[in-house]
Amino acid sequence: MKNIFKRSRRFYIVGFCIFAFLLLQFGIPADVIVPRTYLESKPIGLHSREEFKNQLIADSEEIEISFDSKIETFKASEVGINTDIESTIAQLPTVKTTDRLIPFKPLYMAINKKTIKPVVHRDESVIRVFAASVTKRMNKKPVNSSAEIKDGQLVIEKDEYGVTYDAERLEETLKTLSPVSTETVEVIPEKEPAKVQEKDLNPLKQEFSKKTSQSLTIKYSETVKKVEPKTLRTWLAINQDPKTSKWSIKFNPKAADEQIQKWAEDYNVAPGITQVTYLDDIETSRRTGASGQVLNVEDIRDQLAEWFSKPTGDTIVLSSSVLP
């Protein structure tokens with residue numbers, strides 16, 4: 001009798017537990033995604049379908065592409081990749097009414113891993129055009145280093161390497177890209193160094209300093225003047241030999257012309273006029289005009305160019321001529 005009572009009690013306990021579990025199963029929200037569900041590798045279990053939908057729209061709306069560390073964002077539709085939101089949501093495992101009637105089925109569903117993939121429509125022609133267009137825009141030619149003397153200062157511009165992006169490689173990547181991935185698509189370019197690099201022009205710094213480290217002393221007549229390094233720096237220019245392509249710093253005559261003309265104004269004297277007196281067509285007297293003097297501008301340019309080729313502390317006597 002006791003055994004029958006014990007069995008009856010067990011039966012009621014088991015039955016009560018099953019009934020309670022069924023009630024508990026009916027308490028599970030209908031729109032909650034079952035645990036251990038993944039969208040590709042991303043866990044989405046225990047989220048509502050509405051939450052998942054909003055997140056899916058946000059994740060699949062844009063695509064980030066990195067071009068040599070420069071990141072740009074594009075609309076997925078612009079790229080040619082469109083995610084079918086409703087079809088993807090339709091794959092979500094949730095606890096249906098029929099599942100609630102079967103004891104422990106929701107538990108069974110919860111402990112089994114499920115992976116779904118987004119439904120994606122790709123327009124290969126759009127992807128191809130996009131890849132060709134964006135790589136063409138991102139490609140750039142190398143920029144050579146350059147040098148100039150500006151306001152008495154040597155300025156060397158840094159070189160930039162050129163980059164070329166492979167449109168076909170980007171196209172193949174986009175054809176397999178998951179639109180729900182939050183990772184940035186990294187496109188590695190082929191780099192082309194500049195023909196003239198900053199290191200090639202760095203020797204000019206030493207040459208520029210050498211040519212302007214001391215003042216220039218010039219003399220004309222009894223006048224002695226000094227040209228300070230600050231001024232000398234403005235008389236120089238960067239030169240490239242067309243045959244050897246070698247860079248150097250040369251004297252720029254045009255830059256010094258203004259100063260040369262000032263020296264000439266200070267030194268030049270026009271020749272005097274010879275006066276002759278005639279009487280009955282016979283010369284009776286003559287007063288010879290004084291000779292003039294003039295600086296030879298072309299020769300002075302050559303003198304300055306020679307001095308700059310090897311600056312010294314010697315005084316340059318400016319070339320001049322007598323005007324009878």
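Helix 7 and helix 8 are oblique to each other, a term for angles that are neither under 35 degrees (roughly parallel), nor over 145 (roughly antiparallel), nor 65 to 115 (roughly perpendicular). The axes of helix 7 (residues 124-138) and helix 8 (residues 167-176) cross at roughly 140° and come within 9 Å. Here axes are lines fitted to C-alpha atoms, for helices over the stretch in contact, and angles run from 0 to 180 degrees between N-to-C directions. The crossing of helix 7 with helix 8 is right-handed, meaning that the near helix is turned clockwise from the far one by less than a right angle.

This is a predicted model, in which local features need pLDDT of at least 70 and side-chain atom pairs count only at pLDDT 80 or more, while totals for chains, interfaces and linings use all residues. Residues are numbered from 1 along each chain as its sequence is written, and side-chain values use heavy atoms, with hydrogens and water left out.

**Overall content**

The protein contains 13 helices and 21 strands. Helices (H or I, at least four residues) and strands (E, at least two) are DSSP runs, numbered from the N terminus. Of its 324 residues, 31% count as buried, that is, under 20% relative accessible area with a 1.4 Å probe and protein chains only; exposed is over 50%, and partly exposed lies in between. Of the contacts between residues at least 6 apart in sequence, 67% join residues at least 24 apart; contact means heavy atoms within 4.5 Å.

**The helix pair and the sheet**

On the side of helix 7, the residues that meet helix 8 include Ile127, Phe130 and Val134, and among their counterparts in helix 8 are Leu170 and Leu174. By class, the contact has eight nonpolar, one polar and four charged residues. Ala, Val, Leu, Ile, Met, Phe, Trp, Tyr, Cys and Pro count as nonpolar, Asp, Glu, Lys and Arg as charged, and the others, Gly among them, as polar.

An open sheet of three strands has the order 4-3-11 and mixed pairing. Strand 4 (70-75) and strand 11 (185-187) each have a single partner strand, so one side of each lacks a neighbour in the sheet. From one strand to the next, the twist averages 25°. Helix 7 packs on this sheet by touching strand 3 and strand 4, and its direction makes about 150° with that of strand 4.

**Antiparallel strand pairs**

Strands of a sheet pair through backbone hydrogen bonds, either parallel or antiparallel. Two strands count as paired if DSSP finds at least two bridges between them. Three antiparallel pairs are listed below.

| Strands | Bridges | One bridge pair |
|---|---|---|
| Strand 3 (residues 62-67) and strand 4 | Six bridges | Glu62 and Lys75 |
| Strand 13 (residues 216-220) and strand 14 (residues 223-227) | Five bridges | Tyr220 and Thr223 |
| Strand 15 (residues 236-240) and strand 16 (residues 247-251) | Five bridges | Asn239 and Ser248 |

The hairpin of strand 13 and strand 14 has two residues between the strands, and Ser221 there takes a positive phi near 55°. Strand 15 and strand 16 form a hairpin with six residues between them, where Ser245 in the turn has a positive phi of about 65°.

**A buried proline**

Pro118 lies in the loop between strand 6 (114-116) and strand 7 (120-122). Pro118 is buried, with a relative accessible area of 12%. Not counting residues up to four places away in sequence, Pro118 touches Leu39, Glu40, Thr83, Thr88, Ser178 and Val180. Pro118 and Leu56 are 62 residues apart in sequence, and their C-alpha atoms are 9.1 Å apart in space.
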